[in-house]
Amino acid sequence: VHLVERNEEILQNFPKSVRVASYRSLLAKNVSLYLNTGLKEVAANSITVFKDNKNEVIPIDLLLWTAGTEAQDWINNLDCQKTAQGKLLTRSSLQLIDYPEVFALGDIAEIYPSKQVIPATAQAAYQAASVVAKNISAVIRKKSPQPYYYLHLGDMLTLGKQSALVSSFGINIIGRLADIMRRFVYILRLPSKRHQLKVFQHWAKKILLRLRYSPVLSKQPIESKNTR
């Protein structure tokens, strides 16, 4: 596996502890890291990367490309203030500057002026959704909407099969325990008790099947020969 990163380090928007743990995990899995490297050409069975004004051809079987987000055409055509990237400018209450009766949140919105950097993550959008719901209720009741302040609760990411990293308030947990914690957090974030129960049952079933067919547990005891 080859990982090509245009920047000088991976996960540059994450805390240093998360970057270091992820970097070590990739190296332990023998992943080749190409940092500060650009992609020049993609062919049927190879890619050409360039670094320090030099080209290198890497044979490949499968190419996975990750890129940034781009605004939809209908958003670009809206008659309201937007950023150069096409995000809708909102007040601190997440109301559009030109149309206060309209709310926007998540990747599509950007608060102006903003006193803090709000990441384009599900965590930030989840918190914003709660604020928008309360502000819609406030507007209906003729009350003033409240501003949105993002609270960073931490970071979670997978580090491979049955391994993850959980970093929150200066505490870092890596490995199987972090993977279990991450799964529980996602289950708790599901929209209803029915969803939570269904996903938890599916997860528990996979664990039981894995234990049942584990080579260690399924190994039959070897009978000793009678030497008499």
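Two strands pair if DSSP finds at least two bridges between them. All close-ups below show a predicted model.

**View 1. The hairpin of β9 and β10.** Strand β9 covers residues 164-168 and strand β10 covers residues 171-175. The two run antiparallel and are joined by five bridges. Within this ladder, Val166 of β9 faces Ile173 of β10. Two residues lie between the strands. Phe169 in this hairpin adopts a positive phi near 50°.

**View 2. The hairpin of β8 and β9.** Strand β8, residues 155-158, pairs with β9 in the antiparallel sense. Four bridges hold the pairing. Leu157 sits opposite Leu165 of β9. Here five residues separate the strands, and Gly160 has a positive phi near 120°.

**View 3. Strand β9 and its burial.** β9 pairs with β8 and also with β10. The strand is mostly covered. Of its five residues, four are buried.

**View 4. The largest nonpolar core.** Eight residues make up this core. They are Leu94, Ile111, Ala124, Ala128, Val131, Val132, Tyr148 and Tyr150. Helix α3, residues 122-140, supplies the largest share, with four residues. Apart from this core lies another one, of six residues. Its members include Cys80, Leu88, Leu96 and Ala104.

**View 5. Contacts of Val132.** Val132 belongs to the largest nonpolar core. Neighbours within four places in sequence are left aside here. Val132 is then in contact with Leu94, Phe103 and Leu105. One of these partners, Leu94, is listed in the largest core as well.

Terms used: Residues numbered from 1 in each chain as written. Predicted model: local features only at pLDDT ≥ 70, side-chain atom pairs only at ≥ 80, totals over all residues. Heavy atoms only, no water. Core = buried A, V, L, I, M, F, W, Y, C linked by side-chain atoms within 4.5 Å. Buried < 20%, exposed > 50% of the residue type's maximum accessible area, 1.4 Å probe, protein only. Contact = heavy atoms within 4.5 Å.
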